[in-house]
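The exercises below concern a bound ligand, a metal site and backbone geometry. Please work through each task with the sequence and the model in view before reading its solution.

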Amino acid sequence: MSTNKVNIFDTTLRDGEQVPGCKLNTKEKIELALALEELGVDIIEAGFPISSPGDFTSVNEISKIIKHATVCGLTRAVQKDIEVAAEALKYAKRPRIHTGIGTSDYHIKGKFNSNREDILERAIQCVKWAKNFVDDVEFYAEDAGRTDNDYLARVVEAVIKAGATVVNIPDTTGYCLPNQYGNKMAYLRNNVSNIDRAILSCHCHNDLGLATANSIEGVINGARQIECTINGLGERAGNTSLEEVVMVLKQHKDLGFYSNVNTKLLNPLSRQVSDVMRVPVQPNKAIVGANAFSHSSGIHQDGFLKSAITYEIIDPVDVGADISKIVLTARSGRSALAFRLKKLGYDFNRNDVDALYQKFLQVADNKKEINDEDLHQMAKQHESVETV
Ligand code: KIV
Ligand code: ZN
């Protein structure tokens, strides 16, 4: 593998938008596309042009304004889909058509009532059609996660021969274990004779909570593109979360990979997506959750206040998050209480803090969290007792 750069393919505007209730209008999509370009993603999957006139317009307008990133439109392996996608992408500086078909026996039999040879032929045909319009054609083998590896290798070899520049290996149902997904990539690298003519791409769903692990395992085994969404939005349990994979690559320099994403923009963009799609981010979400940089137990707070690295592997500034928080609950310790009181301007000695801590525990046992107002009250009470 000649390069260690991992291309980030953002599909918030396509797979992410498939979340019920998250539909975006053209203006909202344009704003997010511009923010994604500023973030530094390499490819923006702007939509599925044949799916509705509104999505056609969105892809078309995004194609006009995006300067550096590749703009991609999704299609089925259907000639009309491909023609419409090509039309929607006609102003893009770097257009890509993303076309494909289900390759697992579940899809071949259950969805298409077909057989492997016919599906192989349709896969070749859709890439050839797309090549009439654009150079950059990505092929997806839907449900590759549950596709027999020998057959998948035949399909991949054939679509590369037909002109595919990128081959997407989706774990559509989020079924694979990390080693299975990694082995699949390795199998393709070792058994597809023309594999060096295309980039392998990871597209993992999160049904078992393994999407990030699977994508990273895919990269370790030869993939150089990850398809992902902001906040991990997407069908059912969602897609691979962009912020997670980008930070894995950044924090694990030992892996030797990098992306072009400006990580300082991750938290602002997460909030923007959450607001426009009206989907709150779970508080314990890695990188962008409200608690990702909060410390609440006494043991952690004491260590963190002595040296941040004891309990934080990421500097919040690096991902555009608010500074780390010391949250006060009944599990907090004296050092955290002293720290918060000092921040509010009180200069208590050790004996004062000991006395205040007993009061603090009584209040904290009856409240979920102690806020600044509670602290002021405790401090004032303590000061008035001391001066009597
Ligand atoms: O999950 C999937 O297989 C997809 C394809 C359409 C790329 O989203
Ligand atoms: Zn998907």
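**Preliminaries.** This is a predicted model, in which local features need pLDDT of at least 70 and side-chain atom pairs count only at pLDDT 80 or more, while totals for chains, interfaces and linings use all residues. Residues are numbered from 1 along each chain as its sequence is written, chains are lettered from A and ligands numbered from 1 in the order in which they are written, and side-chain values use heavy atoms, with hydrogens and water left out.

**Exercise 1.** Describe the shell around ligand 1 by class, and then by residue, contact and element.

*Solution.* By class, the shell has two nonpolar, five polar and three charged residues; here Ala, Val, Leu, Ile, Met, Phe, Trp, Tyr, Cys and Pro count as nonpolar, Asp, Glu, Lys and Arg as charged, and the others, Gly among them, as polar. The residues around ligand 1 (a heavy atom within 4 Å) are Arg14, Asp15, His98, Tyr140, Glu142, Asn168, Pro170, Thr172, His203 and His205. Turning to distances, an oxygen atom of ligand 1 lies 2.7 Å from a side-chain N or O atom of threonine 172, with the corresponding distance being 3.0 Å for arginine 14 and 3.1 Å for histidine 203. Taken alone, ligand 1 exposes 260 Å², of which the protein buries 92% (Shrake-Rupley method, 1.4 Å probe). The elements giving two or more residues to this shell are β5 (136-142) and β6 (166-171), where strands are DSSP runs of E of at least two residues and helices runs of H or I of at least four, numbered from the N terminus.

**Exercise 2.** Identify which residues coordinate the zinc ion (ligand 2).

*Solution.* The zinc ion (ligand 2) is coordinated at 2.1 Å by Asp15 through OD and by His203 and His205 through NE2. Donors are N, O and S atoms within 2.8 Å of the metal (3.2 Å for Na, K and Ca), and water is not among the atoms, so sites may look incomplete. Along the chain, the donors follow the spacing D-x187-H-x1-H. Histidine 203 and histidine 205 are both buried (under 20% relative accessible area; exposed is over 50%, partly exposed in between, with a 1.4 Å probe and protein chains only).

**Exercise 3.** Decide whether aspartate 143 is buried or exposed, and do likewise for arginine 278.

*Solution.* Most residues other than glycine have a negative phi. Aspartate 143, although not a glycine, has a positive phi of about 60°; this residue is found in the loop between β5 and α6 (149-162), and counts as buried because its relative accessibility is 0%. Arginine 278, also not a glycine, has a positive phi of about 55° and is placed in the loop between α10 (266-277) and β9 (294-295); with 68% relative accessibility, arginine 278 therefore counts as exposed.

Definitions and conventions. Polar contact = N/O pair within 3.5 Å; in protein donor to acceptor, adjacent residues only side chain to side chain.
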